[in-house]
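Reader: I work at the bench and would like the terms used for this model explained. Please take them one by one.

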2 protein chains.
Amino acid sequence: MDNSGFYNDNYSSGSSDDDLVDLNATAQDLLEDLPYDEQDNGQGYSPGGRGQNGTAKLLDLLDDGLHRVGTYDDFNTIDWVREKSKDRDRHREISKKKKDSVLDLFLSVSDAFSGWLLMLLIGLMSGALAGGIDIAAHWLTDLKEGLCLNGFWFNHEHCCWDSRETTFQERDKCPLWKSWAELTVGVSEGASAYVVNYLMYVTWALLFSYLAVVLVRAFAPYACGSGIPEIKTILSGFIIRGYLGKWTLVIKTITLVLAVSSGLSLGKEGPLVHVACCCGNILCHLFTKYRKNEAKRREVLSAASAVGVSVAFGAPIGGVLFSLEEVSYYFPLKTLWRSFFAALVAAFTLRSINPFGNSRLVLFYVEFHTPWHLLELFPFVLLGIFGGLWGAFFIRANMAWCRRRKNMRLGHYPVLEVVLVALATAVLAFPNDYTRMSGSHLISELFNDCSLLDSSQLCDYTSQVKGGAMNANLSSGLSDRAAGPGVYTAVWQLALALVFKTLITVVTFGMKVPSGLFIPSMAVGAIAGRLLGIGMEQLAFYNHDWSIFRGCSSSTKCITPGLYAMLGAAACLGGVTRMTVSLVVIMFELTGGLEYIVPLMAATMTSKWVADALGREGIYEAHIRLNGYPFLEPKEEFEHKTLAMDVMRPRRSDPPLSVLTQSGMNVEQVEAVIADTSYSGFPIVMSQESQRLVGFVLRRDLVISIENARLCQEGIVGASQVLFTEHTPAQLHGGPPPLNLRSIMDLSPLAITDHTPMDITVDIFRKLGLRQCLVTQNGRLLGIITKKDILKHMAQMTNRDPESILFN
Amino acid sequence: MDNSGFYNDNYSSGSSDDDLVDLNATAQDLLEDLPYDEQDNGQGYSPGGRGQNGTAKLLDLLDDGLHRVGTYDDFNTIDWVREKSKDRDRHREISKKKKDSVLDLFLSVSDAFSGWLLMLLIGLMSGALAGGIDIAAHWLTDLKEGLCLNGFWFNHEHCCWDSRETTFQERDKCPLWKSWAELTVGVSEGASAYVVNYLMYVTWALLFSYLAVVLVRAFAPYACGSGIPEIKTILSGFIIRGYLGKWTLVIKTITLVLAVSSGLSLGKEGPLVHVACCCGNILCHLFTKYRKNEAKRREVLSAASAVGVSVAFGAPIGGVLFSLEEVSYYFPLKTLWRSFFAALVAAFTLRSINPFGNSRLVLFYVEFHTPWHLLELFPFVLLGIFGGLWGAFFIRANMAWCRRRKNMRLGHYPVLEVVLVALATAVLAFPNDYTRMSGSHLISELFNDCSLLDSSQLCDYTSQVKGGAMNANLSSGLSDRAAGPGVYTAVWQLALALVFKTLITVVTFGMKVPSGLFIPSMAVGAIAGRLLGIGMEQLAFYNHDWSIFRGCSSSTKCITPGLYAMLGAAACLGGVTRMTVSLVVIMFELTGGLEYIVPLMAATMTSKWVADALGREGIYEAHIRLNGYPFLEPKEEFEHKTLAMDVMRPRRSDPPLSVLTQSGMNVEQVEAVIADTSYSGFPIVMSQESQRLVGFVLRRDLVISIENARLCQEGIVGASQVLFTEHTPAQLHGGPPPLNLRSIMDLSPLAITDHTPMDITVDIFRKLGLRQCLVTQNGRLLGIITKKDILKHMAQMTNRDPESILFN
């Protein structure tokens, strides 16, 4: 991997067979057997690899070296304080110059507005991509069932556009749309037609899933999964080069369409966040301000993740709160405002593309506005409990499966795994109407409240009043309905779908294709909710005399099964992701009114409490831990009463900390310290005896600077003194000229005392975004604590394996 | 002022003539002529004030003293790190015990749920209070105009409830409601009736305003103003005892009703935030967890301020975002979720009280849903520019007036000032319909889109089609309308109202009555918007042939003046308060749809940019600065390139820092250091020579501990050694027993190096909520930086008077 840019895409060239797990394994190998775990993965700094062909290359290298000072290696954590400070310096520079000339003033103004322009571009690009993905996925999904005679590029709905306007009831049957059975064997009904359709469905599913997994593995291994765990980690300051690159974007967009269309039990909502973040990261390259600063870039990515949810659900405010609550780490108010702008732009771009064909912004539009009764809060809370239990079960089962996958033989053949799961999904899903349709279609069907003219199976109610069905229906209103045979069939099918969806999603999430979890978990919840809703409805119908159903007997409608489905969906999603405010707001934006916000709160709150009682982590945190990323959870409180001296390195039995002195060491000695140790940085002290702290220097900067100096600065040899002092004496005792490296020294390293409680230390790390912190005792430097030390300590305190934290 | 509790109300007893400005003046006197400005306002610690009457009092004092260690003085800043650490200790204690017995488990669970219970109570109480305030203010406002014959406790609307249902058009004229003229002189029309009504209107206005200001001054001086600047400061960690006490709550609630009813140009929205925060603070006393911890209490107050906005506008999500964006300082995610819950409870409590009489949640319900045209963005941006300009103008004018008031003679007679302003307001407002009605009534009138049956002056349109007016109107639809004479009159009256409202609000905001700024500024903006809207409408009507109005000619409605009014209101409110996301979301919740969110964004964004270009501060920040509160603005970046050593005390020319040594000083010496200096705390070093930092001790804790030890610990005399070491030697050379005070020492004071850039230092202070920070140079203690030093430095760097920062 080269270091010429951030997040550069180098998968198509060299290491195209790596995927995330392999990379982890590589990194793990690298990290093994090193003390303090403070390594630098800096490849290519070995002396001797250059210097042959003259000054041109040398100058290049010098330039390169100067640029590289202050950058980071792959799989390392950034220093937020330094990055933000760098940005403030840059800003100060521009502000100071602004009065000099008109050009500088213009530069200053354009600098101030570049953030807004960037947000606009991210919104436009993500909105357009999301629209494209929606349209393509619709078309490919319908392709599994049939073809349009007007042109193969029409999906079912477009194809039947004309016929829809004339016959409302039979809108699914239009002459131009032919199922595969009609096209091949010429019949539309009967066993042979069923078999042909079944076979075609399975074939297309296998083809799409195979294409998806092969594309991901061949071109962009990072394109798999939902991406949210990695984005959370990146936003907290980690660097994974290529994770948000252009190849990942292209491949993820294509394979997302394929994976969704293949009928696998996955959604496109999570991956859309990844897609939006890729857009954000790529567009950052247009502006120096964001290209060169890792902290500023992360502000943009926070906004981009808001954009992702905004386009996924058509919920801009919910998207911003999702970014704030779920994924972001550093979220200043300025970012809040900009995220909101970008989320709106994206939502409107998507609406103007109009992929849902109804000129509505939201994914699931809910049309019912019937009031709910206070006593219904009891079944709502039941749904919450179900959601919490299901969420906790899902996380455990999925974690167990993911761990098992690593050890299983099948885990080494991801293509085969995907194809097998797709085969199982397609074969089992086809016979059941509710599993055959796409997840989002299923959810909107379940959310739907039966209107009088609705012909779906779920709305097959018989009226108690005997007589002409339609009229009777009309006369008795919608309030008084007994379930017809269709509803009973639907109940059975839904119950089977519930079990099937749960099991198949456990094995699907975590495979090597883009896979989101929002839609599958919402679908499960919606099924459970609809079932409970139908049950309640029939209970109310057959027991009008019960006091709790007293209010139902008259003309007002009593139970709305669609509302139960909605609450069930929210509860399951909440149980899996542990979202709270953002979830309620997304649902609020879907329903567009405050009527159902109390039931929503009741269901999501219960769900979160129940799930938290069974396991603290949401699915994303669990996957972060599984992958060993260095993520300092901002929500979790550190509960234990340990002190900084219990966590810092070196431990009591270890040799003392490797430090550099501010004077008195020569280049050779410094290089020896670098070669002997693998720490990512060295404290600089007054002298070995006093151990008074002067500053801190990063290994990477030190290595690069010494190399540069040896190459380009006259007279720097191994015996040259290395100084970190303010004043450089001209010549020391006639020896070689000294090398003053004060410029690369961090003069303001944060130091805490050894008695600082760890809860405060964790707070300092989190809030300031530190990478390391020095520990002093009565003014003497005693040790160092890195983010990784803290994470290992936290793992230890909760009886987890501290070695599971892989990166620094 | 005593120190027996936090925020206790002692204004009814002793210092009832103090008001906020007087208190400031007192504090300022106290602070004068002290070096380093590190004072402690601790009154009542002078030795000799007690000790006469025996052990009972002594034990009381001891107990009191032990409790007082770790508390804060009035007008001081809390240490967030310490408070949060204290709370974690408490939590750890409870968690540890939880396995011991069933009772402990119950205590642990009840501790976990006490936060939710508290939120529920705050929501219920604030909702109920807001409902009561609404009802009472409606009634008193109508009392200025007349009386209901059915019973004097009915307001105009209630009184006419029956008649309204029969005659729609003349709903304002019902037989039971009598104007004062009808009641006294028996005529309802003509000059004499007008004069009688005028006189009664003015009389009531004077009475209400007089009562309001007298009540405020007599019982709760802190009840005046909007309260938001002070709440922002309190949330950032400042202590103002009594500001959120029960007297303030009672008096603010009563006087708010009176002030609003008096017709003064003020609103109840800002003060409702203060009322909700009072509820929050008072209810905190029910739970030890919140009563005893200043940081936890501030989390509750953050949620309470969300509740305030939620009940003010009926916008729960907007309220939460308002709290997040505008007032809160430390807002963890847990608080976000709880605020949301509390805001919802409050909104639903308010709705069940139903003060607006329409079972709607929102204050201004907007009914139009006509689309807007892309070209209209130009006038929308114009409204934004107007809002920004008006906001910047208002802030400057109000600040100038507030500063002038302090020096003017009138400023010393606040009662007279209020009565005079009320007189001027009433006399000038009565003749103009649009100023006579209450601010919120005016705004809803302006937001209203004219329906066909609307009889108001603003809807007096004539149809181009000659013929029966009503029919013609119907046939030509609403799209094609020329303004009638009523509209032209309204335009003139509105223009006058605009000027009047602007000028009178400048002098009103900051008077010694509860006064909010939301409604007056929204009213001004709504007037401006409506005027522009009518202008655009007529332009479109008379120039159908212009290409930009091409789309208007047909049946669709072209320009919605009500929408312009809404955007104008948002723009002006944004210009004054610099709210962004929360403003858009509040407006979104009022309109209940995403249709107008792009115009809203355009208007508020422009408004904020324009206003920011003319002055960085919003009105609340300006008032904070005016009052000299120590508020470290979290939004503003520190731009200058100074270092910690430029800011720390002592300066280069000053005598060295007063420190204590960890051993070697006796009680008398320590007391001498305390007496000689006025710092609020002392660093503890190894020895005077080495200046190696060991810890930090607060003056208050030190004074209390020494006093306690002298009183209760045997053998502690002036010559006793004071130790801060880990081990206490039994007896030192036969002298008196030593006093070990390590327990009150902060073992983990944060120290930064003298080379730390100030931007990083400011960041550390903000993010960790520090009160002070020690500065070291090469491991030696060099100085100290307090929050006040930083604020003074920031004032200096922006050419403001550093002495304007009054408190520590």
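Author: A helix here is a DSSP run of H or I with at least four residues, and a strand is a run of E with at least two. By that count chain A has 31 helices and 13 strands. The model is a predicted one.

Reader: What makes a residue of chain A count as buried, and what share of the chain does so?

Author: A residue is buried if 20 or more other C-beta atoms lie within 10 Å of its own. Of the 808 residues in chain A, 50% count as buried.

Reader: Why is helix H30 of chain A called largely enclosed?

Author: Helix H30(A) covers residues 758-768, and 10 of its 11 residues are buried, so the rest of the structure largely encloses it. Among the buried residues are A:Asp759, A:Asp763 and A:Arg766, along with A:Ile760 and A:Phe765. Just after H30(A) comes A:Gly769, with a positive phi of about 65 degrees.

Reader: How do you know that strands S12 and S13 of chain B pair?

Author: Pairing needs at least two DSSP bridges. Six bridges join S12(B), residues 772-777, to S13(B), and the two strands run antiparallel. With six bridges set against a cut-off of two, S12(B) and S13(B) therefore count as paired. In this pairing B:Val775 stands opposite B:Gly783 of S13(B). The two strands form a hairpin with two residues between them, and B:Asn778 in the turn has a positive phi of about 50 degrees.

Reader: What makes strand S13 of chain B mostly covered?

Author: S13(B) spans residues 780-786, and six of its seven residues are buried.

Reader: How do you know that chain A touches chain B, and which element of chain A gives the most?

Author: Two residues are in contact if their C-beta atoms lie within 7 Å. On that test 49 residues of chain A are in contact with 49 residues of chain B. H15(A) gives the most to this side of chain A, with seven residues. By class, the side of chain A that touches chain B has 27 nonpolar, 11 polar and 11 charged residues.

Reader: Why is the relation between the two chains called a two-fold axis?

Author: Chain A superposes on chain B by a rotation of 180 degrees with 0.0 Å of shift along the axis, at an RMSD of 0.1 Å. That is the relation of a two-fold axis. In chain A, the C-alpha nearest the axis belongs to A:Gly779, 2.6 Å from it. Both copies use the same surface, as 100% of the contact residues of chain A recur in chain B.

Terms used
Residues numbered from 1 in each chain as written. Chains lettered and ligands numbered in written order. Predicted model: local features only at pLDDT ≥ 70, side-chain atom pairs only at ≥ 80, totals over all residues. Buried ≥ 20, exposed ≤ 12 C-beta atoms within 10 Å, placed from the backbone. Nonpolar A, V, L, I, M, F, W, Y, C, P; charged D, E, K, R; others polar. Least-squares fit on C-alpha atoms with pLDDT ≥ 70 in both.
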